[in-house]
Structures are given as structure tokens and as C-alpha cells.
Amino acid sequence: MASLPTMIGELRSQFMRELNEALTSKDLEALKVKYLGKKGPVQSLMHELRHATSEERPQLGKLINDLKEELLSHCDHSLHRVKLQEQNARLATEWVDVTLPGRKHNLGRAHPIQQMLQRILDILIGMGFSVRYGPDVDTDYYNFGGLNFPEDHPARDMQDTFYLENGLLLRTHTSNVQVHAMEQFEPPLRIVAPGRAFRNEDISARSHIFFHQVEGFYIDKGVTFADLMAVMEEFLSKILGEKVETLFRPSYFPFVEPGMEVDVRCTACKGKGCKLCKHTGWLEILGTGMIHPNVLRNGGIDPEIYSGFAWGMGIERLTILHYDIPDIRYFTENDQRFLEQFP
Ligand code: DAH
């Protein structure tokens, strides 16, 4: 058998030949494994050391180790160089067109009802009201009885109200929050309650079974009708613009006495008469009144000591008037062409 130094020399020149033929990083990785791996020739040389005498062994061992280092350094150097070349070649074929237009990200936006609601709440919070959310599903008492609706009031009719199986109902107005709040808090109370209301009606361009309202009420010692008018006028001028003209008309709601409806001068025709105001020159905006003593009593508040006013309005209606929207059903159809018009 050839001597170990000869074997080392032969292995070296064989490696150098193969190194010259290894052109890609893949070839070089394979070469490295082939020569320096556990089952490779360098490792076999280590086994050959068994046959050497103990005097020869350290010297021969060093020769093999030197060979190992040498091959390793050849592999690593070549790998480094070839990898750089490969990367440059790849970059030369790949390129970025910096003149391409960027990808468009469509920003979401609040629904027009939510936008209007937010404007309403911002104004009322600024006027000292705090926000409470009442239950959508409630009892007959909070929606009707506690609000002084007589037993046979037509609003309780099955045709108007969605009754649930367990004696509950879907609230027909946000006024249900009134007695809940009176039970929970001591006056002075300044509360606005936005939310959904439900009525079992035919769906048309003008009415829906599902809509939004904002209820507000103010209860304290000595609250008068003048306070009601001042707050309504301040609020309406902030939401509709400084110069809004209001009209207070007597009206009937069981939970207020006196009850009123508030109209504003038509925003479209300025009072001349048009389709929007049905040629009256006025738009109905909200219902309001001095809270009925029975309602205060139902909420545990003594009407001999306290008084208050309340009002309620439809947010769809305000939004429709504000933007001149022809059909209330647009709000629930989620047609992007509609929603995109409210940035
Ligand atoms: N709840 C009434 C409705 O849905 C609106 C309303 C009228 C609320 C008069 C009030 C009020 O607080 O005082 O039509």
C-alpha cells in the first residue's frame, strides 16, 4: 500500500482537479461534502493512522489535518466567490420599475349614519350630556307602560311592535332608556342615548323596520320649557348651521306634557316649498316635551321637586335631509357606490 504522504498528495491533486470543474455553488457544496464529510477520503486517511507507528503518528496526523484545513479553505473561498457571482447574475436579470404606480389601498370610512351620529354626539357632549346605551331588547314596561302609554295605545299594536316569544319586544324607540336611567342615577341627569329602533312597518323609500334614533333628556330642579327651547335651538343651529329657523308645534306623546314637534325651515328651498318639505316650507326634525310627572314617578324621581325635558329624533331622517337622499333603503343595502359618496 502507498505511503500516507503519497496518498495525501494524490488526494490533494484529485481534489484540485475537481475544484476546477466545480462551477456553481451547488457543485462546490457537493464537493465539500464529498471530500470532508464523515464518509469522505480525508476521514478514511485518519483511519489509516492506525497502521502507523506511535513515533510516526503525530507527524502524519498533522499532515492529514493540514490537508483538511487546506481543502476546507479552498472550498470556502471558492464558495464565497461563486455565490457573489451568482447573486450578481441574478440581480442583473431582475429589476424594479420604479415608475410603476403604487398599489392602491382603499381606506374604510364610517357609514353615513355613523358619521351623522358622531356629529350629533360631539355637539351634545359639548353641551354637557353624557352617553348611555339602552337595551335593544326590552320589556313592555320600559318601552311603553313606564312611559305612560295607556294599555290600549295603538303604538302597542302587533302591527307596529315586534314582540318576541318570551314577553320581550324590540324597542320601538330609544325613549326606553329614560326610565332605566332614572332608576340608576340621581338627578341632575343629562343623558343622550343613541341606538337602534324597530317597527313592524312596510319597508318603502320613506320608512324602514329598522332605523336609528337619538334620545336626550335633562332632569334637574327647576328645568323649564324655556330650557327645552334653548337647548333645542342651540343643538339644531349647531347641527344644521347657524341660521336655522325653528317652529315649535304642539303635539302628543304620552310621556311628555306638553308635547311638541320641532320643525326647521326647509334646508332645500329655504321655505318656498319643494318636494323635500312637501311644499310646506318646513321639515319635521324631532319630538320633544316636558317629561310627564308619571314618567318621573315611574323612574323614582319626585315630580314635586324635579322637572325635565326630553327629545327624540331619527338619524336616518336627519341624514336624508342633510344629503338629500331619495330612499331610506340605501342605508342598509351596503352598495359601495352609495357608501363611497360620504368621505
Ligand atoms: N319616541 C318618539 C318617537 O319615536 C320621539 C320622541 C318624542 C322622544 C317626544 C321624546 C319626546 O323624548 O319627548 O317618535
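This briefing walks through the sheet, the nonpolar cores and one exposed loop residue of the structure above. The model is a predicted one. At its centre of interest here is an open sheet of 7 strands with mixed pairing, and the largest nonpolar core has 43 residues.

**The sheet and its edges**
- Reading across the sheet, the strand order is E1-E4-E5-E9-E8-E7-E6.
- Strand E1 (130-131) and strand E6 (246-251) are the edge strands; each has a single partner strand, so one side of each is left without a neighbour in the sheet.
- E1 runs parallel to strand E4 (residues 189-198), and 2 bridges join them.
- Within that pairing, Ser-130 stands opposite Ile-191 in E4.
- Helix H8 (residues 225-240) packs on the sheet, where it touches E6, strand E7 (256-265), strand E8 (282-291) and strand E9 (307-314).
- The direction of H8 makes about 145° with that of E8.

**Strand E9 and its two partners**
- If you follow E9, you will find E5 joined to it by 8 bridges, with the two strands running antiparallel.
- Tyr-218 has Phe-309 in E9 as its bridge partner.
- E8 is also antiparallel to E9, and 4 bridges join this pair.
- Here Gly-287 has Gly-312 of E9 as its bridge partner.

**The nonpolar cores**
- In the core of 43 residues, those with the most contacts inside it are Ile-120, Phe-309 and Trp-311.
- Helices and strands both contribute: helix H5 (112-126), strand E5 (210-220), H8, E7, E8, E9, helix H10 (315-323) and helix H12 (336-339) each supply at least two residues.
- H5 gives the most to this core, with 7 residues.
- Phe-309 is worth a look in your viewer: leaving aside residues up to four places away in sequence, it touches a list of residues including Gly-216, Phe-217, Tyr-218, Val-223 and Thr-224.
- The contacts of Phe-309 also include Asp-227, Leu-228, Val-231 and Met-232, as well as Gly-289, Met-290 and Ile-291.
- Another core, of 22 residues, lies apart from the largest one; among its members are Leu-147, Val-179, Leu-189 and Leu-296.

**An exposed glycine in a loop**
- Gly-300 sits in the loop between helix H9 (293-298) and E9.
- Is Gly-300 buried or exposed? Its relative accessibility is 67%, and the cut-off for exposed is over 50%, so Gly-300 counts as exposed.
- Gly-300 and Glu-186 are 114 residues apart in sequence, and their C-alpha atoms are 9.1 Å apart in space.

Key:
Residues numbered from 1 in each chain as written. Predicted model: local features only at pLDDT ≥ 70, side-chain atom pairs only at ≥ 80, totals over all residues. Heavy atoms only, no water. Pairing = 2+ DSSP bridges. Contact = heavy atoms within 4.5 Å. Axes fitted to C-alpha atoms, helices over the stretch in contact; angles between N-to-C directions. Core = buried A, V, L, I, M, F, W, Y, C linked by side-chain atoms within 4.5 Å. Buried < 20%, exposed > 50% of the residue type's maximum accessible area, 1.4 Å probe, protein only.
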